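Here is a short set of exercises to work through with the model open in your viewer. Try each task before you read the solution below it.

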Amino acid sequence: MLRIGDFHALDRRACLRLLGGVPVGRVVYTQQALPAVLPVNFRLDADSSVVLRTAAGSELVRAVDGAVVAFEADEFDAVTHSGWSVVVTGRATLVTDPAEHERLARYGPDSWMPVRDGVFVRIESDMVTGRRLTGT
């Protein structure tokens, strides 16, 4: 059972710092009017947006381009019952600018899956929320 003080809301700056330290998160979006969640590797870009790389013809690209989505990443320790969770909510768009695409191709993220015709998806960080749980 949690005691008061074990749960802490995180400010935007702390949330972004934590996001920058983990390689995998989950995109939460709508597919055929139902909620869908997909684990992906990602990179936090300089403008605080979440960027991922996927195949141009993927279901994910068709579902998220132009849509408002959520992105969640976390880190937990089951032994100490501690950890954190951060959620970024914002519009997802394909990166279409050739110079921006080239920059991202050089500096990542790379997809962990084989991607022949890779595209980058950017999720704006319009709303960033997080929480930390401190355990035993």
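**Exercise 1. Helix α1 and its cover**

Which elements are included in what covers the buried residues of α1? Keep in mind that you are looking at a predicted model.

Solution.
- Step 1: list the buried residues of α1, which are Ala14, Cys15, Leu16, Leu18 and Leu19.
- Step 2: look for what lies over these residues. The cover includes β1 (7-10), β4, β6, β7 and β9 (127-133).
- Step 3: take one residue as an example. Not counting residues up to four places away in sequence, leucine 19 touches Phe42, Leu44, Phe71, Ala73, Trp84, Val86 and Val88.

**Exercise 2. The largest nonpolar core**

Find how many residues the largest nonpolar core has, and which of them have the most contacts inside it.

Solution.
- Step 1: the core has 29 residues.
- Step 2: those with the most contacts inside the core are Leu19, Val27, Tyr29, Val64, Phe71 and Ile123.
- Step 3: assign the core to elements. At least two residues each come from α1 (12-19), β2 (24-31), β3, β5, α2 (59-64), β6 (68-77), β7 (82-94) and β8.
- Step 4: ask which of these elements gives the most. That is α1, with five residues.
- Step 5: set this beside a general trend. In soluble globular proteins, nonpolar side chains tend to be buried together.

**Exercise 3. An aromatic pair**

Search the whole structure for aromatic pairs, then describe the geometry of what you find.

Solution.
- Step 1: the search gives one aromatic pair.
- Step 2: its members are phenylalanine 42 and phenylalanine 71, with 4.7 Å centre to centre and 65° between the planes.
- Step 3: classify the geometry. Planes over 60 degrees apart count as edge-to-face, and this pair is edge-to-face.
- Step 4: locate the two rings. Phenylalanine 42 is in the loop between β3 and β4 and phenylalanine 71 is in strand β6, so the pair links distant parts of the chain, 29 residues apart.
- Step 5: check the burial, for which the limit is under 20% relative accessible area. Phenylalanine 42 has 7% and is buried, and phenylalanine 71, at 0%, counts as buried too.

**Exercise 4. Following strand β5**

With which strands does β5 (residues 50-55) pair, and in what sense?

Solution.
- Step 1: begin with β4 (residues 43-44), which pairs with β5 in the antiparallel sense over two bridges. Here leucine 44 has valine 50 as its bridge partner.
- Step 2: inspect the hairpin of β4 and β5. Five residues lie between the strands, and serine 48 there takes a positive phi near 75°.
- Step 3: turn to β8 (residues 118-123). β5 and β8 also pair in the antiparallel sense, over six bridges. In β8, isoleucine 123 is the bridge partner of valine 50.

**Exercise 5. Arginine 53, asparagine 41 and the largest pocket**

Is asparagine 41 buried or exposed? Then place arginine 53 with respect to the largest pocket.

Solution.
- Step 1: asparagine 41 is in strand β3 (residues 34-41). Its relative accessibility is 11%, so asparagine 41 counts as buried.
- Step 2: collect its contacts, leaving aside neighbours within four places in sequence. Asparagine 41 is in contact with Pro23, Val24, Leu52, Pro109, Asp110, Ser111 and Trp112.
- Step 3: arginine 53 is in strand β5. With a relative accessible area of 23%, arginine 53 is partly exposed.
- Step 4: with the same neighbours left aside, arginine 53 is in contact with Pro109, Asp110, Ser111, Gly118, Val119 and Phe120.
- Step 5: the largest pocket holds about 240 Å³ of space. Of its 14 lining residues, Val40, Arg53, Thr54, Ser111 and Met113 lie nearest its centre. β3 and β5 each supply at least two residues of the lining.

**Exercise 6. Positive phi in a loop**

What phi does glutamine 32 have, and what phi does alanine 33 have?

Solution.
- Step 1: recall the background. Most residues other than glycine have a negative phi.
- Step 2: glutamine 32 has a positive phi of about 55°, and alanine 33 has a positive phi of about 65°.
- Step 3: find their place. Glutamine 32 is in the loop between β2 and β3, as is alanine 33.
- Step 4: add the accessibility. Glutamine 32 is exposed at 74%, and alanine 33 counts as exposed at 73%.

Definitions and conventions
Residues are numbered from 1 along each chain as its sequence is written. This is a predicted model: local features need pLDDT of at least 70, side-chain atom pairs count only at pLDDT 80 or more; totals for chains, interfaces and linings use all residues. Side-chain values use heavy atoms; hydrogens and water are left out. Two strands pair if DSSP finds at least two bridges between them. Helices (H or I, at least four residues) and strands (E, at least two) are DSSP runs, numbered from the N terminus. Buried means under 20% relative accessible area, exposed over 50%, partly exposed in between (1.4 Å probe, protein chains only). Contact means heavy atoms within 4.5 Å. A nonpolar core is a set of buried Ala, Val, Leu, Ile, Met, Phe, Trp, Tyr and Cys residues joined through side-chain atoms within 4.5 Å. Rings of Phe, Tyr and Trp (its six-membered ring) pair if their centres lie within 6.5 Å; planes under 30 degrees apart count as stacked, over 60 as edge-to-face and the rest as tilted. On a 1 Å grid over the protein atoms alone, a cavity is a set of points where a 1.4 Å probe fits but cannot get out, and a pocket is an open set with protein on both sides within 12 Å along at least five of seven lines; lining residues have an atom within 4 Å of a point. Grid points are joined across faces, edges and corners, and a volume is the space filled by probe spheres set on the points.
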